[in-house]
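Reader: I should be grateful for a close look at one part of this model, with attention to how its neighbours surround it and where charged side chains pair.

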Amino acid sequence: MATRLMEPSDVFLNHRSTDTKRTVATRLYDNLKRHGIKPFLDEKNMKPGDKLFEKINNGIIECKIGVAVFSPHYCQSYFCLYELALLTTLNKKVIPIFCDVNPSQLRVVNNAKWSKEEHRRFRWALDEAKYTVGLTYNSSKGNLSEFVTNASEIIIGNMIEFENMERR
């Protein structure tokens, strides 16, 4: 039986699909790919039959940089917070993008399905990201094309720094 090998990704794009899939996340993915960067975006890298957590975990473990696209409903998603917590736990550099939301508005929701430990990990990771210099985008006032171009340049610059540090 043939095994499909996943090529390691350079950048893991963490986002809430319902908020940013059709805007920031997919356009950022496409722009990074055009520049020779290998991004991981769930809908682009995952195929029917893939084990969800296995594929996501591997994408995060293998990436060099994480990009967390925060949005109004981001903190309601177990998967968004799970991915952010894993990126943070693994000490990956995370570049926050605050899309139609201010960092002070981000709070982990009380969800009875999540364990106390998950709530603790999620709050810790969210606090780490909220206090990291990031980018902001207001969809009612901003130019999406310009924003994605600027964000891509910043991500590429961080990739170059990472690779230079890795060579030393």
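Author: In this predicted model, Leu13 of strand E1 stands opposite Val67 in strand E3. The two strands, E1 and E3, run in the parallel sense and are joined over 5 bridges. On another pairing, E1 meets strand E2 (residues 39-40), again in the parallel sense, over 2 bridges. There, Phe12 of E1 has Phe40 of E2 as its bridge partner. To pass from E1 to E2 the chain travels through helix H1, and this β-α-β crossover is right-handed.

The side chains of E1 divide between two directions: Val11, Leu13 and His15 point one way, whereas Phe12 and Asn14 point the other way, and all are buried. Because 5 of the 5 residues of E1 are buried, the strand is largely enclosed by the rest of the structure.

The segment just before E1 leads to the charged pairs. Side chains of opposite charge can pair when their charged atoms come close. Asp10 forms a salt bridge with Lys64, with 3.0 Å between the closest N and O atoms. This pair links distant parts of the chain, 54 residues apart: Asp10 lies in the segment before strand E1 (11-15), and Lys64 in the loop between helix H3 (52-62) and strand E3 (65-70). Asp10 has a relative accessibility of 6%, so it counts as buried. Lys64, at 21%, counts as partly exposed, because buried requires under 20% relative accessible area.

Helix H1, which carries the chain from E1 to E2, also takes part in a charged pair. Lys21 forms a salt bridge with Glu43, the closest N and O atoms lying 3.7 Å apart. Lys21 belongs to helix H1 (residues 17-34) and Glu43 to helix H2 (residues 42-45), so that distant parts of the chain, 22 residues apart, are linked. Both partners count as partly exposed, Lys21 at 26% relative accessibility and Glu43 at 39%.

A further salt bridge lies within a single helix. The side chains of Asp127 and Lys130 meet at 4.0 Å, N to O. Both residues are in helix H5 (residues 116-130), 3 residues apart, or about one turn of the helix. Asp127 is partly exposed, with a relative accessible area of 38%, while Lys130, at 17% relative accessibility, counts as buried. The count for the model comes to 5 salt bridges, among them the pairs Lys64 with Asp10, Lys21 with Glu43, and Asp127 with Lys130.

How values were computed
Residues numbered from 1 in each chain as written. Predicted model: local features only at pLDDT ≥ 70, side-chain atom pairs only at ≥ 80, totals over all residues. Heavy atoms only, no water. Helix = DSSP H or I, 4+ residues; strand = E, 2+ residues; numbered from the N terminus. Buried < 20%, exposed > 50% of the residue type's maximum accessible area, 1.4 Å probe, protein only. Pairing = 2+ DSSP bridges. Right-handed = clockwise from strand over helix to strand, strands pointing away.
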